[in-house]
Amino acid sequence: MVRFIIRRLLAGVVLLLAISTLSYMLLYMGSGNIARTILGQSATEDTVAKKAAELGLDQPLLPRYLDWLQGAVHGDFGRSWFTSQPVAEAISSRLAVTLSLVIGTVILSAIIAVAMGVWAARKGGIADRIIQVVAILGFAIPNFLIAIFLVRFFALQLGWFKPTGYVQIGDSFTGWLGTVTLPIIALSVGAVAAVAQQVRGSVIDAMRQDWVRTLRSRGIPESRVVYKHVLRNAGGPALAVLAVQFVGLVGGAVIVEQIFAIPGLGQVSVTATSQGDIPLVMGLVVAVGIVVVLVNLLFDVLQGFLNPKVRLS
């Protein structure tokens with residue numbers, strides 16, 4: 001298992017290097033006159049030239065990237081061109097907020113999806129068709145529409161939750177729960193639909209295998225066959241879908257954070273991208289890339305635990 005994790009970590013480092021290189025080249029090649037964008041159209045040519053030299057934009061692209069990479073390896077991603085705040089500082093607090101939403105969404109989605117998928121696979125018939133319809137609706141309805149409905153109904157009409165804002169979990173757990181419940185529900189609908197479908201299909205496939213018939217012929221209770229043996233074999237594909245959903249949620253949370261006015265990566269991502277704040281955008285790219293690598297590693301380890309053949313492959 002240790003060699004398995006080391007191989008995955010090395011692959012993750014290579015992936016991060018490729019993502020950072022490609023992103024850096026694309027951002028600078030498509031950014032136009034960055035110094036002019038920062039200073040505005042009223043700035044003189046001399047002022048623009050001095051600003052470009054100050055930012056190092058008068059240097060060739062490759063040495064600039066290598067200089068940025070050297071700093072990034074040591075945790076220094078530079079400063080925002082517009083606020084002068086260190087990039088690592090600007091991202092760290094917001095990343096924790098976004099991850100709390102995404103992790104909560106994944107946990108809630110996994111619980112509901114496994115229950116729905118197993119129920120549909122075991123019952124079949126009308127129960128299975130209901131799950132199929134619910135899953136299609138979950139895919140079809142965008143999460144921002146669900147978020148708007150939740151705000152209007154549960155926050156503004158019923159007054160059960162705050163419509164906007166965020167409370168740190170360290171300040172008040174109940175306050176934090178009150179501010180993240182609706183966003184997590186809004187993000188969970190699509191994830192539940194995807195994972196429930198995968199669990200349902202995997203459980204049905206597993207229940208048709210000969211080894212399941214053998215377990216049943218030995219008189220083992222059906223619930224034990226399903227929850228101890230079938231679900232463990234069906235867990236690998238479901239985990240793969242859940243990992244993809246996790247990665248998608250990091251980006252998908254941007255819109256939901258805007259609707260609920262949550263100070264996560266959504267707000268800073270929109271602002272940095274629209275302003276052309278390249279150091280901050282690069283910091284966001286690397287932060288999301290690290291999260292993706294670690295999440296994939298975690299799900300690979302879980303799959304390896306469930307199925308030893310994954311480790312061997």
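**Close-up views of two pockets**

**View 1. Centre of the largest pocket.** In this predicted model, 21 residues line the largest pocket. Nearest its centre lie L55, G78, R79, W81 and P279. The volume of the largest pocket is about 500 Å³.

**View 2. Helices around the largest pocket.** Four elements give two or more residues each to the lining of the largest pocket. They are α1 (2–29), α3 (45–54), α4 (61–73) and α12 (278–306). The largest share comes from α4, which supplies four residues.

**View 3. Chemical make-up of the largest pocket.** Nine residues of this lining are nonpolar. Six are polar, and six are charged.

**View 4. Centre of the second largest pocket.** The second largest pocket has a volume of about 310 Å³. Its lining comprises 15 residues. V13, L16, L17, V286 and I290 lie nearest the centre of this pocket.

**View 5. Helices around the second largest pocket.** At least two lining residues come from each of α1, α4 and α12. Here α1 gives the most, with six residues. In the largest pocket, by contrast, the largest share belongs to α4.

**View 6. Chemical make-up of the second largest pocket.** Which classes of residue, nonpolar, polar or charged, make up the lining of the second largest pocket? The nonpolar class has 13 residues and the polar class two. No charged residue takes part in the lining of the second largest pocket, whereas the lining of the largest pocket has six charged residues.

Key. Residues are numbered from 1 along each chain as its sequence is written. This is a predicted model: local features need pLDDT of at least 70, side-chain atom pairs count only at pLDDT 80 or more; totals for chains, interfaces and linings use all residues. Side-chain values use heavy atoms; hydrogens and water are left out. On a 1 Å grid over the protein atoms alone, a cavity is a set of points where a 1.4 Å probe fits but cannot get out, and a pocket is an open set with protein on both sides within 12 Å along at least five of seven lines; lining residues have an atom within 4 Å of a point. Grid points are joined across faces, edges and corners, and a volume is the space filled by probe spheres set on the points. Ala, Val, Leu, Ile, Met, Phe, Trp, Tyr, Cys and Pro count as nonpolar, Asp, Glu, Lys and Arg as charged, and the others, Gly among them, as polar.
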